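Thanks for coming, everyone. I would like to walk you through one chain today, starting from a single residue and working outwards, so please have a look at the structure first.

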Amino acid sequence: MKKIRVLTMLASSIFILSALGCSPATTNTAATKDEPITMIASEDFPSYSSIGDLSERANTIVRGSVIQTRVEALNDMVQAPAVNESALDEQTNPGGEDIVPFDKIYTIYTIKVAESFKGAYAAGDTIEVKQLGGQLGNTEIINDDNIKFIPTKDYVLFLETYEDTPASLLNSVQSLYVIKPAAKSTQPGEQALKSDVIVSANPENDLKLSIDELQEIQSQNQNK
């Protein structure tokens with residue numbers, strides 16, 4: 001079986017299919033179209049030093065929840081205009097293997113917007129957000145970097161949107177937060193003990209987000 005190196009360049013990330021395997025494998029036997037294929041993907045995103053940097057880079061920031069999920073093959077390759085192609089080939093393809101653009105498998109979530117803090121979306125709108133990974137037919141892409149969306153949770157998403165493909169999180173660690181509802185008092189007549197709490201969906205994220213920061217982001221963008 002011939003292994004093919006795949007190079008995909010996006011505005012905000014580089015996707016690397018770091019392993020490709022077919023199972024079952026038979027020595028000196030060509031792969032058939034019915035053979036299951038699994039590709040292990042890793043993603044290299046820019047990171048941000050503060051919520052301010054994160055919100056400045058995002059062109060859309062919304063609060064919402066998942067109402068629909070689907071898996072789809074997309075070819076979203078973007079060629080950067082100022083790339084030195086010979087230098088890029090030497091860095092990413094030193095062995096001279098074929099570099100082939102191809103449709104990658106994405107899980108696409110439809111998010112119903114409850115509140116908008118930045119961007120063109122408003123409460124009641126829907127926005128599609130894609131994550132690399134999923135299975136179509138006998139082909140599967142596994143991406144352990146992703147945090148899977150759960151329909152029952154209320155999220156804050158820092159996104160980059162595009163004209164002809166679903167939006168993407170700015171990165172898999174810092175761009176997704178979960179809103180936990182305020183704790184309710186057990187005593188009759190008493191109000192909630194605390195306000196809503198925002199926690200990162202990814203435990204590796206060291207950027208903390210508050211309701212006050214979201215309101216400040218919203219106010220700044222309403223005044224523009």
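Leaving out residues up to four places away in sequence, which residues does Thr69 touch? Before I answer, please keep in mind that what you see is a predicted model. The residues that Thr69 touches, with that exclusion, are Thr107, Ile108 and Tyr109. Thr69 itself lies in strand β4, which covers residues 60-74, and at 45% relative accessibility it counts as partly exposed, because that class sits between the 20% and 50% cut-offs. There is also a longer-range relation to mention, since Thr69 and Pro151 are separated by 82 residues in sequence, while their C-alpha atoms are 9.2 Å apart in space.

Let me stay with β4 and turn to its partners. Strand β4 is joined to β5 by 13 bridges, and the two run antiparallel; as an example of the register, Val62 has Ser116 in β5 as its bridge partner. Strand β4 also pairs with β9, again in the antiparallel sense, over 5 bridges, and here Ile61 stands opposite Phe158 of β9.

Going on from β5, which spans residues 104-118, we find 7 bridges to β6, with the two strands antiparallel. Thr107, which we met as a contact of Thr69, stands opposite Gln131 in β6. Is β6 largely enclosed or largely open? Of the 7 residues in β6, which runs from 126 to 132, 5 are buried, and therefore the strand is largely enclosed by the rest of the structure.

Now to the helices, beginning with α1, residues 51-57, where we find Ser55. With a relative accessibility of 11%, Ser55 counts as buried, because the cut-off for that class is under 20%. Its side chain reaches the backbone oxygen of Gly52 at 3.0 Å, and, not counting residues up to four places away in sequence, Ser55 touches Ile61, Lys118, Phe158 and Ile217. Two of those names, Ile61 and Phe158, are the residues standing opposite one another in the pairing of β4 with β9.

Ile217 brings us to helix α3, residues 211-222, where Leu214, Ile217 and Gln218 are buried. These three cover an arc of only 95° around the axis, which means that they lie on the same side of α3. As background, an α-helix has 3.6 residues a turn, so residues three or four places apart point the same way. The buried residues of α3 pack against α1, β4, β5, β9 and β12. As a check on the geometry, the 12 residues of α3 should span 16 Å at 1.5 Å a residue, and the end C-alpha atoms are 16 Å apart, so the two values agree.

One further residue deserves a moment, namely Asn171, in the loop between β10 and β11. Asn171 counts as buried, because its relative accessibility is 4%, and its side chain reaches the backbone oxygen of Pro46 at 3.1 Å. Setting aside neighbours within four places in sequence, Asn171 is in contact with Phe45, Pro46, Ser47 and Tyr48.

Finally, the chain as a whole: it has 3 helices and 12 strands, and buried residues make up 38% of its 224 residues. Among contacts with a separation of 6 or more, 68% come from residues 24 or more positions apart. The chain exposes about 13,100 Å², of which carbon and sulfur atoms supply 50%.

Methods
Residues are numbered from 1 along each chain as its sequence is written. This is a predicted model: local features need pLDDT of at least 70, side-chain atom pairs count only at pLDDT 80 or more; totals for chains, interfaces and linings use all residues. Side-chain values use heavy atoms; hydrogens and water are left out. Buried means under 20% relative accessible area, exposed over 50%, partly exposed in between (1.4 Å probe, protein chains only). Helices (H or I, at least four residues) and strands (E, at least two) are DSSP runs, numbered from the N terminus. Two strands pair if DSSP finds at least two bridges between them. A polar contact is a pair of N or O atoms within 3.5 Å; within protein, one must be able to donate a hydrogen and the other to accept it, and residues adjacent in sequence count only if both atoms are side-chain atoms. Contact means heavy atoms within 4.5 Å. The expected span of a helix is 1.5 Å times one less than its number of residues. The arc is that of the directions from the helix axis to the C-beta atoms. Accessible areas come from the Shrake-Rupley method with a 1.4 Å probe; for residues, only the protein chains shown count as cover.
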